Amino acid sequence: MQPTKVYADRRSQPSRAVIIFCRVNQIEFEEVTVDLFKSQHLSPQFRKINPMGQVPAIVDGRFKLFERKVIHEQPRTETCNTFDLILAKNHAILRYLASVFPGVADHWYPADLFTRAKIESILDWHHSNLRRGAATLVMHTALAPFLGLRTSPEAVKQAEKLLMQSLGTIESVWLNGGAKFLLGSPQPSIADLSLVCEIMQLEILGDDVRDRFLGAHEKILIWMDNVKRATSPHFEEAHELLFQVKARMLSNNAAAANQASEPSTKHKIASKL
């Protein structure tokens with residue numbers, strides 16, 4: 001039997017969650033990279049896998065499953081310098097993998113319907129709150145300038161507000177009482193993995209900005225560390241590319257800042273001659 005194919009870009013939060021989940025649960029799969037920065041998700045070949053042009057997507061035998069839409073801001077065309085924000089569900093693949101493969105531990109997506117319903121409520125909340133805030137903020141403050149796209153100060157302002165509200169909700173509602181994982185569970189669920197991968201995207205903004213949002217949320221930092229430990233070493237491996245992108249962006253920003261300072265420096269030198 002052919003292994004499940006996972007079409008992903010590790011710079012994508014949902015892609016990383018699916019890859020980590022497969023690794024942790026020893027699900028045999030073949031990773032097929034779809035480079036979003038090169039617009040490979042818009043290619044005719046990938047459209048045959050996912051007509052929506054989104055990652056991640058999987059092919060399990062003759063069965064294809066893709067994320068119907070995710071929050072992802074992408075160019076309307078390959079040459080356009082504006083972008084669209086798309087929002088909808090993105091957890092179908094994790095639900096499928098947790099339900100179909102017999103080796104997956106029950107705590108990831110419990111058979112108990114009451115517990116599962118609570119997990120579903122977090123996943124539904126994720127789309128229009130944490131994901132909208134974090135993804136929009138990262139796009140407008142980091143990715144858009146890096147890719148040469150237009151940004152919106154108003155969108156940044158709204159995203160920051162929603163992100164702070166979302167972090168507060170996680171801490172006060174689902175991590176209330178010093179819980180190790182969401183809903184007071186002693187082990188992680190697909191909701192823990194999805195939300196932590198989302199928050200990890202803030203790394204792209206740089207340490208100072210990341211700490212400005214997370215520094216006051218000790219419970220969230222502890223919870224994130226618990227999820228990392230529970231999925232190590234696969235969590236770290238799946239995020240290596242994210243940290244490489246972060247380093248490239250910081251390097252580009254530093255180079256741009258140096259170039260911007262050169263004219264004023266030359267002016268000062270000339271004034272002394």
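# Reading a predicted fold, feature by feature

Guide: Let us begin with helix α3, residues 92–100, in which Ile93, Leu94, Arg95, Tyr96, Leu97 and Ala98 are buried. Please keep in mind throughout that this is a predicted model.

Visitor: Against which elements do the buried residues of α3 pack?

Guide: The buried residues of α3 pack against two helices given here with their ranges, α1 (13–24) and α4 (113–128), against the strands β3 (57–60) and β4 (63–66), and also against α7.

Visitor: How many helices and strands does the protein chain have, and what share of its residues counts as buried?

Guide: The protein chain has eleven helices and six strands, and 49% of its 273 residues count as buried. Among the contacts in the chain with a separation of 6 or more, 68% come from residues 24 or more positions apart.

Visitor: How should I read a sheet, and in what order do the strands of this one lie?

Guide: The general idea is that strands of a sheet pair through backbone hydrogen bonds, and the pairing is either parallel or antiparallel. Here four strands form an open sheet with mixed pairing, in the order β2-β1-β3-β4. The edge strands, each of which pairs on one side only, are β2 (29–33) and β4. On average, and with direction ignored, neighbouring strands of this sheet are turned by 15 degrees against each other.

Visitor: How many bridges join β3 to β4, and are these strands parallel or antiparallel?

Guide: Strands β3 and β4 run antiparallel and are joined by four bridges; Ala57, for instance, stands opposite Phe66 in β4.

Visitor: Which helices pack on the sheet?

Guide: Helix α1 packs on the sheet by touching β1 (4–8) and β2, and its direction makes about 160 degrees with that of β2. Helix α3 also packs on the sheet, where α3 touches β3 and β4, and the direction of α3 makes about 30 degrees with that of β3.

Visitor: Where is Phe63 found, and is Phe63 buried or exposed?

Guide: Phe63 is found in strand β4, and Phe63 is partly exposed because its relative accessible area is 37%, a value between the 20% and 50% cut-offs. Leaving aside neighbours within four places in sequence, Phe63 is in contact with Ile58 and Tyr96. Phe63 and Thr4 are 59 residues apart in sequence, while their C-alpha atoms are 9.6 Å apart in space.

Visitor: How many residues of α7 are buried, and which residue caps its N-terminal end?

Guide: Helix α7 is mostly covered, with eleven of its eleven residues buried; the buried residues include Asp192, Ser194 and Glu198 as well as Leu193 and Val196. The N-terminal end of α7 is capped by Ser189, a side-chain oxygen of which lies 3.1 Å from the backbone nitrogen of Ala191.

Visitor: What lies in the loop between α7 and α8?

Guide: One residue to look at there is Glu203, found in the loop between α7 (190–200) and α8 (207–214). Glu203 counts as buried because its relative accessible area is 9%. Not counting residues up to four places away in sequence, Glu203 touches Arg210, Leu242, Phe243 and Lys246.

Visitor: At what angle do the axes of α6 and α8 cross, and which residues make the contact?

Guide: The axes of helix α6 (residues 153–174) and α8 come within 10 Å and cross at roughly 50 degrees, which means that α6 is oblique to α8. From α6 the contact is made by Glu160, Leu163, Met164 and Leu167, and from α8 by Arg212, Phe213 and Leu214. The residues of this contact of α6 with α8 divide into five nonpolar, no polar and two charged.

Visitor: Which backbone features deserve a closer look?

Guide: As a general idea, most peptide bonds are trans, and most residues other than glycine have a negative phi. In this model, a cis peptide bond with omega of about 0 degrees joins Val55 and Pro56, and Pro56 is found in the loop between α2 (44–47) and β3. The peptide bond from Ser232 to Pro233 is also cis, with omega near 5 degrees, and Pro233 is found in the loop between α9 (218–231) and α10 (234–238).

Visitor: Which residues other than glycine have a positive phi, and where are they?

Guide: Gln26, with phi near 55 degrees, has its place in the loop between α1 and β2 and counts as exposed at 76% relative accessibility. Leu183, with a positive phi of about 65 degrees, lies in the loop between α6 and α7 and counts as partly exposed at 36% relative accessibility.

How values were computed:
Residues are numbered from 1 along each chain as its sequence is written. This is a predicted model: local features need pLDDT of at least 70, side-chain atom pairs count only at pLDDT 80 or more; totals for chains, interfaces and linings use all residues. Side-chain values use heavy atoms; hydrogens and water are left out. Buried means under 20% relative accessible area, exposed over 50%, partly exposed in between (1.4 Å probe, protein chains only). Contact means heavy atoms within 4.5 Å. Axes are lines fitted to C-alpha atoms, for helices over the stretch in contact, and angles run from 0 to 180 degrees between N-to-C directions. Angles under 35 degrees count as roughly parallel, over 145 as roughly antiparallel, 65 to 115 as roughly perpendicular and the rest as oblique. Ala, Val, Leu, Ile, Met, Phe, Trp, Tyr, Cys and Pro count as nonpolar, Asp, Glu, Lys and Arg as charged, and the others, Gly among them, as polar. A polar contact is a pair of N or O atoms within 3.5 Å; within protein, one must be able to donate a hydrogen and the other to accept it, and residues adjacent in sequence count only if both atoms are side-chain atoms. Two strands pair if DSSP finds at least two bridges between them.
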